[in-house]
Amino acid sequence: MKILEVTNVDFSLRHFLLPLMRGLRAEGHEVVGVCADGPLLAEVRDEGFRVETVPMVRSFSPLAQIKALTALMNLIQREQPDIVHAHMPISGLLGRLAAKLCGVQCVAYTCHGFLFNQPGAMPRRGLSLALEWMAGRITDRYFTVSTQEAEDAQRLRIHPTPLALGNGRDPASFHPDPESRQRIRNELGVSASAVVIIVVSRLVRHKGYPELLEAMEQVPGAELWVVGERLASDHGPSLDENFARAEAELGGRLRQLGYRRDIPALLAAADIFVLPSHFEGLPMSVIEAMLSGLPVVATDIRGPREQVVTGRTGLLVPAGEVAPLARALLRLARDGDLRYRMGEAGRQRARGRYDEATVTANAVAALLGHGGEENEENKVLGNESPPV
């Protein structure tokens, strides 16, 4: 079969969809990636995948979305795929609509987080819910990465049989690595005894950076490594003022490392992982940190609350609050034994629930309508088999 994997930007295709594309190709199917153009597509193409670019934009601009929809329809009519599998809120809506209008036999969607569950103005959230509900009517196979959002999809009658697929990463890539730990710390001039807190995410406000940077002022002695960058398509106010203030307050305890391709080594060199987001799907970065043996401090929101067992594999704190976040980080920074115990418990949990090979195999089977292994992180709601 020919399968189009449709998403918004090159970052999503490279970091979220590529394992699934590999799995589908290994089953003998032709897989074509579809998203906006960007430099990270070179890595996908280097693996032998064909990637077609369309003018996707991450905004509600009607003219821009009509242009993207038209381009998608032209591409689908030319490619004649058997399955169109769309991802992310806006590209997911456009991909499904284009596929339906072109008469594609199977229209599939994976929700990586509902916009109506995000903080924001009620009219915007209401519009998002209405669009999701309408798009659900034209979706044959409906997936989420989070169990809680699969429950939302069924409760709100967005789709009758949503399937929570989860997310996964490769334990062979993400694991404790003493050699990498020493090498990275030597390169950065960080002592072996220093406590390092690391965050890996895009540099946008909803990842909780204002709270994190302020909280670090109350965690004396610990360093914060910030790994990531702001995408050209990201919206919202700049974080420049927040980082400028943090640089003045934290000095050398703040290291902005930018976009890196050696994430496994950086995680192995750290002691605590933090992700104080305001909303998430099922963050890959938390899985990577857990596999690397790090205790995780995250916010008690959809996604992280499914991943982190508070008090056992890490600590959950309220979103948007500085003081609880500071207390959690300080507690772990001061207690090396607690960090080790939580990190080991998290690693075992991640190996059992978020192994990329298992998650990908289940996703391939579900997308192709062959069923899949069910567990607490991968289950159909309202049915005993994946939607067909």
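By a cavity I mean a set of grid points over the protein atoms where a 1.4 Å probe fits but cannot get out. With that in mind, please keep in view that what we have here is a predicted model.

Let me begin with the enclosed space. A search of the whole structure turns up two cavities of 30 Å³ or more, and the largest cavity has a volume of about 240 Å³. Its lining is made up of 20 residues, and those lying nearest the centre are F16, L20, G166, N167 and A363. As for which elements supply that lining, two or more residues come from each of α1, spanning 10–26, β4, spanning 83–87, and α15, spanning 356–367. Of these, α15 gives the most, with five residues. In character, the lining of the largest cavity divides into eleven nonpolar residues, eight polar ones and one charged.

Next, the sheet. Seven strands form an open sheet, in the order β3-β2-β1-β4-β5-β6-β7, and the pairing is parallel. Because β3, residues 50–53, and β7 each have a single partner strand, they stand at the edges, and one side of each is left without a neighbour in the sheet. On this sheet packs α1, which touches β1 (2–6), β2 (30–35), β3 and β4, and the direction of α1 makes about 170° with that of β2.

Further along the order, strand β5, residues 106–111, is joined to strand β6, residues 141–144, by four bridges, with the two running parallel. One pair to look for there is Y109, whose bridge partner in β6 is Y142. The helix α6 also packs on the sheet, touching β5, β6 and β7, with its direction at about 140° to that of β6.

I will finish with two backbone details. Most residues other than glycine have a negative phi. Which sign, then, does phi take at M88? The value for M88 is positive, about 70°, although this residue is not a glycine, and M88 is found in the loop between β4 and α4, the latter covering 89–101. R157 likewise is not a glycine and has a positive phi, in this case of about 60°, and R157 lies in the loop between α6 (147–155) and β7 (163–164).

Are these two residues buried or exposed? M88 has a relative accessible area of 9%, and therefore counts as buried, the limit being under 20%. R157 has a relative accessible area of 66%, and so counts as exposed, for which the value must be over 50%.

Terms used. Residues numbered from 1 in each chain as written. Predicted model: local features only at pLDDT ≥ 70, side-chain atom pairs only at ≥ 80, totals over all residues. Heavy atoms only, no water. 1 Å grid on protein atoms, 1.4 Å probe; cavity = no way out; pocket = protein on both sides within 12 Å on 5 of 7 lines; lining within 4 Å. Points joined across faces, edges and corners; volume = space filled by probe spheres on them. Nonpolar A, V, L, I, M, F, W, Y, C, P; charged D, E, K, R; others polar. Buried < 20%, exposed > 50% of the residue type's maximum accessible area, 1.4 Å probe, protein only. Pairing = 2+ DSSP bridges. Contact = heavy atoms within 4.5 Å. Axes fitted to C-alpha atoms, helices over the stretch in contact; angles between N-to-C directions.
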